Amino acid sequence: FYLQRMAIPILENQAETLVTRGRPAEARRLAARVEALAAAVAARAGTYARGPGWPPRVRAWLADLLTRLGDVEAAARARAE
(Lines give C-alpha, C1' and ligand atoms only; values in the text may rest on other atoms or scores of the structure.)
Protein backbone atom coordinates (compact mmCIF):
# COMPACT_ATOMS: atom_id res chain seq x y z
CA PHE A 1 0.00 0.00 0.00
CA TYR A 2 2.59 2.56 1.05
CA LEU A 3 4.87 1.80 -1.90
CA GLN A 4 1.95 2.23 -4.27
CA ARG A 5 1.01 5.48 -2.59
CA MET A 6 4.59 6.76 -2.82
CA ALA A 7 4.84 5.73 -6.48
CA ILE A 8 2.00 8.03 -7.53
CA PRO A 9 3.87 11.37 -7.32
CA ILE A 10 6.96 9.77 -8.85
CA LEU A 11 4.97 8.58 -11.86
CA GLU A 12 3.24 11.96 -12.07
CA ASN A 13 6.62 13.66 -12.29
CA GLN A 14 7.79 11.23 -14.95
CA ALA A 15 4.63 11.89 -16.98
CA GLU A 16 5.20 15.64 -16.67
CA THR A 17 8.74 15.20 -17.97
CA LEU A 18 7.49 13.15 -20.92
CA VAL A 19 4.98 15.87 -21.82
CA THR A 20 7.74 18.47 -21.70
CA ARG A 21 9.91 16.32 -23.94
CA GLY A 22 7.14 15.90 -26.51
CA ARG A 23 6.35 12.25 -25.77
CA PRO A 24 2.57 12.34 -25.20
CA ALA A 25 1.86 8.65 -25.79
CA GLU A 26 4.26 7.63 -23.04
CA ALA A 27 2.85 10.32 -20.75
CA ARG A 28 -0.65 8.94 -21.28
CA ARG A 29 0.50 5.42 -20.40
CA LEU A 30 2.00 6.69 -17.15
CA ALA A 31 -1.13 8.73 -16.43
CA ALA A 32 -3.20 5.55 -16.76
CA ARG A 33 -0.88 3.83 -14.28
CA VAL A 34 -1.25 6.76 -11.86
CA GLU A 35 -5.01 6.56 -12.13
CA ALA A 36 -5.00 2.80 -11.51
CA LEU A 37 -2.66 3.12 -8.54
CA ALA A 38 -4.76 5.89 -7.01
CA ALA A 39 -7.89 3.76 -7.35
CA ALA A 40 -6.15 0.74 -5.81
CA VAL A 41 -4.82 2.77 -2.90
CA ALA A 42 -8.19 4.40 -2.24
CA ALA A 43 -9.98 1.05 -2.36
CA ARG A 44 -7.66 -0.61 0.16
CA ALA A 45 -6.83 2.19 2.52
CA GLY A 46 -10.12 3.02 4.15
CA THR A 47 -10.32 6.48 5.63
CA TYR A 48 -6.63 7.28 5.22
CA ALA A 49 -6.55 7.37 1.40
CA ARG A 50 -10.01 8.86 1.15
CA GLY A 51 -9.04 11.84 3.27
CA PRO A 52 -9.35 15.34 1.85
CA GLY A 53 -7.26 15.91 -1.20
CA TRP A 54 -6.18 12.38 -2.10
CA PRO A 55 -8.34 11.12 -5.02
CA PRO A 56 -9.45 14.64 -5.98
CA ARG A 57 -5.80 15.74 -6.24
CA VAL A 58 -4.94 12.85 -8.55
CA ARG A 59 -8.02 13.54 -10.71
CA ALA A 60 -7.15 17.25 -10.92
CA TRP A 61 -3.58 16.42 -11.96
CA LEU A 62 -4.82 13.94 -14.56
CA ALA A 63 -7.32 16.45 -15.97
CA ASP A 64 -4.59 19.08 -16.22
CA LEU A 65 -2.21 16.67 -17.96
CA LEU A 66 -4.88 15.57 -20.43
CA THR A 67 -5.77 19.20 -21.17
CA ARG A 68 -2.13 19.97 -21.96
CA LEU A 69 -2.07 16.92 -24.22
CA GLY A 70 -5.07 18.33 -26.09
CA ASP A 71 -7.59 15.71 -24.96
CA VAL A 72 -10.29 18.03 -23.64
CA GLU A 73 -12.98 15.34 -23.51
CA ALA A 74 -10.87 12.96 -21.41
CA ALA A 75 -9.91 15.89 -19.15
CA ALA A 76 -13.58 16.70 -18.59
CA ARG A 77 -14.28 13.05 -17.71
CA ALA A 78 -11.39 13.05 -15.22
CA ARG A 79 -12.77 16.18 -13.55
CA ALA A 80 -16.29 14.74 -13.39
CA GLU A 81 -15.37 11.46 -11.67
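Ile 8 sits in helix α1, and in this predicted model it makes a handy place to start. With a relative accessible area of 0%, Ile 8 is buried. Across from it along the fold comes Leu 37: the two residues are 29 apart along the chain, yet their C-alpha atoms are separated by 6.8 Å. Ile 8 also turns up among the residues with the most contacts inside the largest nonpolar core, a list it shares with Val 34, Trp 61, Leu 62, Leu 65 and Leu 66.

That core has 22 residues. Four helices feed it, with at least two residues each from α1 (2-20), α2 (24-44), α3 (54-68) and α4 (72-80). The top contributor is α2, which puts in 7 residues.

Trp 61, another of the well-connected core residues, is worth a look for its partners. Setting aside neighbours within four places in sequence, Trp 61 is in contact with Glu 12, Ala 15, Glu 16, Ala 31 and Val 34. So what about Glu 12, a charged residue on that list? Glu 12 belongs to helix α1, and it counts as buried because its relative accessibility is 5%, under the 20% cut-off. Its own contacts, again without the neighbours within four places, are Val 34, Arg 57, Val 58 and Trp 61. Val 34 therefore appears in the contact lists of both Trp 61 and Glu 12, as well as among the core residues with the most contacts.The contact between Glu 12 and Arg 57 is also a salt bridge, with N to O at 3.1 Å. Arg 57 lies in helix α3 and Glu 12 in helix α1, so this pair ties together parts of the chain that are 45 residues apart in sequence. The two ends of the bridge sit in unlike surroundings: Glu 12 is buried at 5%, whereas Arg 57, at 35% relative accessibility, counts as partly exposed.

A search of the whole structure turns up 5 salt bridges. One of them joins Arg 28 to Asp 71, with the closest N and O atoms 3.0 Å apart. Here Arg 28 comes from helix α2 and Asp 71 from the loop between α3 and α4, so the link ties together parts that are 43 residues apart in sequence. Both partners are partly exposed, Arg 28 at 33% relative accessibility and Asp 71 at 22%.

Arg 23 and Glu 26 make another salt bridge, and their closest N and O atoms are 2.8 Å apart. Arg 23 is partly exposed, with a relative accessible area of 35%, and Glu 26 falls in the partly exposed class too, at 29%. Beyond these pairs, Glu 16, Asp 64 and Arg 68 are linked in a network of salt bridges. Glu 16 is a residue met earlier, as one of the contacts of Trp 61.

As for confidence, the protein chain averages a pLDDT of 84, and 88% of the residues score at least 70. Among the elements of the chain, α1 has the highest mean pLDDT, 90, and α3 the lowest, 86. The Arg 57 and Glu 12 bridge thus runs between these two helices, α3 and α1.

Technical notes: Residues numbered from 1 in each chain as written. Predicted model: local features only at pLDDT ≥ 70, side-chain atom pairs only at ≥ 80, totals over all residues. Heavy atoms only, no water. Core = buried A, V, L, I, M, F, W, Y, C linked by side-chain atoms within 4.5 Å. Buried < 20%, exposed > 50% of the residue type's maximum accessible area, 1.4 Å probe, protein only. Contact = heavy atoms within 4.5 Å. Salt bridge = Lys/Arg side-chain N within 4 Å of Asp/Glu carboxyl O. pLDDT = per-residue confidence, 0-100.
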